[in-house]
Amino acid sequence: MEILNYVIDLVAVLLLALGIKGLSKVRSARSANQLAAVAMALAVIGLLISYLGTPSFDGQAWIWIIIGTTVGGVLGAITAQRVPMTSMPETVALFNGCGGMSSLLVALAAALFPGTLDDGTLVAVVSIVISVFVGSITFTGSIVAMAKLQGWLSTPPWMQSKIRHLVNIALAVVCLVAAIKLITSDGSSQAALWLLVIASGLLGIGVTLPIGGADMPVVISLLNSYSGVAAAAAGFVVGSQLLIVAGAMVGAAGLILTQVMCNGMNRSLVSVLFGGALGAGSSGGGGGEYTNITSCSVEECALTLEAAERVVIVPGYGLAVAQAQHTLREVTRSLEAAGIQVDYAIHPVAGRMPGHMNVLLAEADVPYEQLKEMDIINPDFPATDVVLVLGANDVVNPQAKNDPDSPLYGMPVLDVQQARTVFVVKRGMSAGYSGIKNDLFELANTSMVFGDAKKVLGDLLGELKELGVGKK
């Protein structure tokens, strides 16, 4: 039985590693996710096999396991089917929180019910402390992130001041004191345990609540890393090598993704966590009203597209809000049928979560080969006839390269202004997350097409059909 359990754990670890590796590419992401799900199923089976015949594993335990598995499976299936793409960031944040809460509950079980899990050693006690601390921060931070993305919470004014740093430092000190007390008491001090749970939970709220929407992709990936660290610590608590390895891989992958997101925004992790919202309180650069805007009709846009040889689409969060990805796909199919080359320029922080635009376009069956990352597509803009910007703002703002006083300065952006013609589909002239104007909108080769992205694309499709674009 023990050998079988080791074999199952080894296979699960290998499948999980292959799954995480496959997530790095759009083409293999879907199958990689399924592979990782199989790995997790094997992990559960292996865990059940390892506890068969032990004194702590009885019929009542089986009932609770069956109930928990059924409820979790049903909720997961419903979520996968019903959550719209615009709510996916909130869903990911919620899943991160569930991971943190799971690790927290495992650590609490080990601390409150001695003898039920591997305990008594210094490693076990330290693991409990880490799992409680990180798990609690992950849970509360993820719930706050979800609530802010959903619009249920807003940042209180005092949380943008330096007072919040003093509060968070005080909470961190309380966590440290409680952790030391818990370790020196060999995990027997329940007062220290609950103090650590409460203080770390409040710390998760205090760190996440001031963070603005522009930085939320970084926060989500960081919380994902936290959930992996908490799971690895819980693995030490229960003596599960599989959980340790899986948690470590998730934690490392989350940290790497967090660094990628920070690089994509030209912001350090410290500035994201402790500097407040991007652009908040900035007074230099990027201000003023628009004075030289050129707008055009859908008909003019269609005529320009008809004469183009190469078109690049720049998707943004506005496209997701309008749920216009399927209409966009119909438009690009017409262009492709007319022999026009179509590509999609993907900025690493477009949308509200890592890979948001990739998933959105994959939902509309956009070929993977047409999704081009920023570093690959930027050199091609000078040879592009038309760029169609849909709901993107800060990621196409030239200020990031030519205005040292702009809060965006130094952030890598898509060089769409180098194309022959740029059409920006936008409901109005509202600013992006940075709160500054976009110089792209006033350039001579840029025209604004005002309206909801789905309606504009629908009208554009109709105009292209009337022009005979794509008809054989």
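Two strands are said to pair if DSSP finds at least two bridges between them. With that in mind, good morning, and let me turn to the sheet. In this predicted model, strand E2, residues 341-346, pairs with strand E3 in the parallel sense over three bridges. Within that pairing, Ala345 has Lys372 of E3 as its bridge partner.

The sheet as a whole is open and has six strands, in the order E3-E2-E1-E4-E5-E6, with parallel pairing. Which strands stand at the edges? They are E3, residues 371-373, and E6, residues 446-450; each has a single partner strand, so one side of each is left without a neighbour in the sheet. From one strand to the next, the twist averages 25°. As general background, strands of a sheet pair through backbone hydrogen bonds, either parallel or antiparallel.

I should like to dwell on strand E1. It runs parallel to E2, to which four bridges join it, and Val311 stands opposite Val342 of E2. Towards E4, five bridges join the two strands, again in parallel, and here Pro315 has Leu390 of E4 as its bridge partner. How many of the six residues of E1 are buried? Six of the six are, and E1 is accordingly described as mostly covered. The burial extends to both faces: Arg310, Val312 and Val314 are buried on one side, and Val311, Ile313 and Pro315 on the other.

Next to E1 in the sheet order is E4, and I have chosen one residue there for closer attention. Val386 belongs to strand E4, residues 386-390. Is Val386 buried or exposed? With a relative accessible area of 1%, Val386 is buried, because the cut-off for that term is under 20%. Leaving aside residues up to four places away in sequence, Val386 touches Thr304, Leu305, Ala308, Arg310, Val311, Val312, Thr421 and Phe423. Of these contacts, Phe423 deserves a remark: Val386 and Phe423 are 37 residues apart in sequence, yet their C-alpha atoms are 7.5 Å apart in space.

Helices also lie across this sheet. Helix H13, residues 325-337, lies across E1, E2 and E4, and runs at about 140° to E2. Helix H17, residues 453-466, lies across E4, E5 and E6, and runs at about 145° to E4.

A further helix, H14, spans residues 356-363, and six of its eight residues are buried, so H14 is largely enclosed by the rest of the structure. The buried residues in H14 are His356, Met357, Asn358, Leu360, Leu361 and Ala362. Just after H14, Asp365 takes a positive phi of about 65°.

That brings me to backbone geometry. Most residues other than glycine have a negative phi. Two further residues depart from this pattern, each in a loop. Gln323, which is not a glycine, has a positive phi of about 50°; Gln323 is placed in the loop between helix H12 and H13 and is partly exposed, with a relative accessible area of 29%. Asp186 has a phi near 55°, again positive in a residue other than glycine. Asp186 sits in the loop between helices H6 and H7, and at 60% relative accessibility Asp186 counts as exposed.

Finally, I turn to the helical pairs. Helix H4, residues 88-112, and helix H5, residues 122-150, pack at an angle of about 155°, with axes 7 Å apart. That angle makes H4 roughly antiparallel to H5, and their crossing is left-handed. By class, the contact of H4 with H5 has 15 nonpolar, ten polar and one charged residues.

Helix H8, residues 216-238, and helix H9, residues 241-265, cross at roughly 165°, and their axes come within 7 Å. H8 is thereby roughly antiparallel to H9, and this crossing too is left-handed. Which classes of residue make up the contact of H8 with H9? The contact divides into 18 nonpolar, ten polar and no charged residues.

One residue of H4 closes my account. Asn96 lies in helix H4 and, at 6% relative accessibility, counts as buried. Its contacts, not counting residues up to four places away in sequence, are Thr138, Ser142, Ile220, Leu223, Asn224 and Ser227. Thr138 and Ser142 fall within the residue range of H5, while Ile220, Leu223, Asn224 and Ser227 fall within that of H8. Thank you for your attention.

Notes:
Residues are numbered from 1 along each chain as its sequence is written. This is a predicted model: local features need pLDDT of at least 70, side-chain atom pairs count only at pLDDT 80 or more; totals for chains, interfaces and linings use all residues. Side-chain values use heavy atoms; hydrogens and water are left out. Buried means under 20% relative accessible area, exposed over 50%, partly exposed in between (1.4 Å probe, protein chains only). Contact means heavy atoms within 4.5 Å. Axes are lines fitted to C-alpha atoms, for helices over the stretch in contact, and angles run from 0 to 180 degrees between N-to-C directions. Angles under 35 degrees count as roughly parallel, over 145 as roughly antiparallel, 65 to 115 as roughly perpendicular and the rest as oblique. A crossing is left-handed if the near helix is turned anticlockwise from the far one by less than a right angle, and right-handed if clockwise. Ala, Val, Leu, Ile, Met, Phe, Trp, Tyr, Cys and Pro count as nonpolar, Asp, Glu, Lys and Arg as charged, and the others, Gly among them, as polar.
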